[in-house]
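Here is a quick walk through a single-chain model, written for someone who likes to check numbers against coordinates. Have the viewer open while you read.

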Amino acid sequence: MARAYQIAPSALIGTFDYAYLIFASLWGYLLFSEVHDATTWFGMGMILIAGVMVLRQQRI
C-alpha cells in the first residue's frame, strides 16, 4: 500500500483503501454474525459516496 501511494495519486488510492469497509462488514457478518445498525450503514455510505465524488472530481 505504501508503494501504491508513491506511484499513483493519493486521492485515487485513498478511495480504494476505503473498500475495506465492505469486506470488513461481510467478514463480520459471516464469521461473527455481526449485524450493523442504520447509523453504521449510513456512515459507511457517506464514506463511500465521498470516495466516488473524489474520483469523479479528479477525472474532470
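His36 counts as partly exposed, at 25% relative accessibility. That value falls between the two cut-offs in use, since buried means under 20% and exposed means over 50%. His36 sits in the loop between α3 and α4. Along the sequence His36 is 14 residues from Ala50, and the C-alpha atoms of the two are 20 Å apart. Keep in mind throughout that this is a predicted model.

**The loop's other marked residue**

Ser33 belongs to the loop between α3 and α4 (38-59) as well. Ser33 comes after α3 and has a positive phi, near 55°. That sign is worth a look in your torsion plot, as Ser33 is a residue other than glycine. With a relative accessibility of 58%, Ser33 counts as exposed.

**The overall picture**

What does the secondary structure come to? The chain has 4 helices and 0 strands, and the order from the N terminus on is α-α-α-α. How spread out is the chain next to a compact globule? Its radius of gyration is 14 Å, while the globule rule gives 10 Å for 60 residues; the value is well over the rule, so the chain is more spread out than a compact globule. Along the principal axes, the C-alpha atoms fill a box of roughly 40 × 25 × 10 Å.

Burial figures come next. Of the 60 residues in the chain, 15% are buried. The chain has about 5000 Å² of accessible surface, and carbon and sulfur atoms account for 69% of that.

**Helix α3, side by side**

Now for α3, which covers residues 20-32. Its 13 residues should span 18 Å at 1.5 Å a residue, and the end C-alpha atoms are 17 Å apart, so the length agrees with what is expected. Which residues of α3 are buried? They are Leu21, Ser25 and Gly28. These three cover an arc of only 65° around the axis, so they lie on the same side of α3. The general rule behind that kind of pattern is that an α-helix has 3.6 residues a turn, so residues three or four places apart point the same way.

Turn α3 around and you get the face directed away from the buried side, which carries the exposed residues Leu30 and Leu31. Leu31, a residue of α3, has a relative accessibility of 56% and therefore counts as exposed.

Those two leucines also take part in a nonpolar patch on the surface, made of Ile22, Phe23, Leu26, Trp27, Tyr29, Leu30, Leu31, Phe32, Val35 and Leu48. Together the patch residues have about 1100 Å² of accessible area. Where does the largest share of the patch come from? Helix α3 supplies it, with 8 residues.

**Helices α1 and α2**

Arg3 is in helix α1, which spans residues 2-7. Its relative accessible area is 56%, so Arg3 is exposed.

Helix α2 (residues 10-17) holds Gly14, and Phe16 is in α2 too. Is Gly14 buried or exposed? At 15% relative accessibility, Gly14 counts as buried. Phe16, with a relative accessible area of 56%, is exposed.

**C-alpha separations**

If you want a few pairs to click through, here are four, with the gap along the chain next to the gap in space.

| Pair | Apart in sequence | C-alpha to C-alpha distance |
|---|---|---|
| Arg3 and Leu55 | 52 residues | 20 Å |
| Gly14 and Leu55 | 41 residues | 9.8 Å |
| Phe16 and Gly51 | 35 residues | 8.0 Å |
| His36 and Ala50 | 14 residues | 20 Å |

Two of these pairs start in α2: Gly14 is 9.8 Å from Leu55, and Phe16 is 8.0 Å from Gly51. His36 and Ala50 are 20 Å apart in space with their positions 14 residues apart in sequence.

Key: Residues numbered from 1 in each chain as written. Predicted model: local features only at pLDDT ≥ 70, side-chain atom pairs only at ≥ 80, totals over all residues. Heavy atoms only, no water. Patch = residues over 30% accessible without salt bridge, like charges linked within 9 Å, V, L, I, M, F, W, Y side chains within 5 Å. Areas by Shrake-Rupley, 256 points an atom, 1.4 Å probe, with all protein chains shown as cover. Salt bridge = Lys/Arg side-chain N within 4 Å of Asp/Glu carboxyl O. Helix = DSSP H or I, 4+ residues; strand = E, 2+ residues; numbered from the N terminus. Buried < 20%, exposed > 50% of the residue type's maximum accessible area, 1.4 Å probe, protein only. Rg over C-alpha atoms; globule rule 2.2 N^0.38 Å. Expected span 1.5 Å × (residues − 1). Arc of directions from axis to C-beta.
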